[in-house]
Amino acid sequence: MKNKILIFLITIIPVFGQTKIDWNTLADVQFNQTYDNQLETYFTEPTFGPKVKAIDGKEVIIEGYVIPMDVKKGEFVLSKNPFANCFFCGNAGPETVMELNLKPGHKKFKTDDYVVFKGKFRLNKSDIYHLNYILDDADVVD
């Protein structure tokens, strides 16, 4: 009996370490246009609100539409909206997309696959070559 309880706890405990978030939580951000002298261009700089700051560095679960950016390089984005209505098409803001750093050996995805992911949430305020929201060690939740 003790072995059964131990096995149950080992399999269930990791679920409790993750916070389920949604795109409404990620909307807690303001954006301002900032000029970069080195690049001689404007970029959108985020000011993250308390809801978003509270999950920085935490294990989270989030669902959305997968948008392959460069399949050969393994670059994928998770979006609140399907591709036709996403940020990259000008129909939504930068708070509606998240960069996915997938674990090695992940399954193949097609555009607009609706998937639930878990991973470590990270804020990006200053690296203009990456999205503002990043999910590290992302893996599919079965």
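A residue counts as buried under 20% relative accessible area, as exposed over 50%, and as partly exposed in between, with a 1.4 Å probe and protein chains only. By this rule Asp-137, at 52% relative accessibility, counts as exposed.

The model is predicted: local features need pLDDT of at least 70, side-chain atom pairs count only at pLDDT 80 or more, and totals for chains, interfaces and linings use all residues. Residues are numbered from 1 along each chain as its sequence is written, and side-chain values use heavy atoms, with hydrogens and water left out.

**Overall build**

The protein chain holds three helices and eight strands. Helices (H or I, at least four residues) and strands (E, at least two) are DSSP runs, numbered from the N terminus. Along the sequence their order is α-β-α-β-β-α-β-β-β-β-β. The chain has 142 residues, and 32% of them count as buried. Its accessible surface is about 9,200 Å², with 53% belonging to carbon and sulfur atoms; such areas come from the Shrake-Rupley method with a 1.4 Å probe, and for residues only the protein chains shown count as cover. A contact means heavy atoms within 4.5 Å. Among contacts between residues at least 6 apart in sequence, 55% join residues at least 24 apart.

**Strand pairing**

Two strands pair if DSSP finds at least two bridges between them. The table lists three antiparallel pairs.

| Strands | Bridges | Partner residues |
|---|---|---|
| Strand 2 (residues 29-36) and strand 3 (residues 41-48) | Eight | Gln-33 and Thr-44 |
| Strand 4 (residues 59-70) and strand 7 (residues 114-123) | Seven | Ile-62 and Phe-117 |
| Strand 7 and strand 8 (residues 133-140) | Six | Lys-120 and Asp-136 |

Strand 7 thus appears in two rows, pairing with strand 4 and with strand 8.

Strand 2 and strand 3 form a hairpin with four residues between the strands. Thr-41 belongs to strand 3. Leaving out residues up to four places away in sequence, Thr-41 touches Thr-34, Tyr-35 and Asp-36. Thr-41 counts as partly exposed because its relative accessibility is 35%.

**Positive phi angles**

Most residues other than glycine have a negative phi. In the hairpin of strand 2 and strand 3, Glu-40 takes a positive phi near 55°. Asp-112, not a glycine, has a positive phi of about 70°. This residue is in the loop between strand 6 and strand 7, and at 31% relative accessibility Asp-112 counts as partly exposed. Asp-137 is not a glycine either, and its positive phi is about 50°. Asp-137 lies within strand 8.

**A buried glutamate**

Glu-99 is part of strand 6 (residues 97-102). Which side chain of opposite charge is nearest to Glu-99? That side chain is Arg-122, 6.0 Å away, and Glu-99 is buried yet has no salt bridge. Here Lys and Arg count as positive and Asp and Glu as negative, while His and the chain ends are not counted. A salt bridge is a side-chain nitrogen of Lys or Arg within 4 Å of a carboxyl oxygen of Asp or Glu.

The side chain of Glu-99 does make a polar contact with the side chain of His-130, at 2.7 Å. A polar contact is a pair of N or O atoms within 3.5 Å; within protein, one must be able to donate a hydrogen and the other to accept it, and residues adjacent in sequence count only if both atoms are side-chain atoms. Apart from neighbours within four places in sequence, Glu-99 is in contact with Phe-76, His-130, Leu-131, Tyr-133, Ile-134 and Leu-135.
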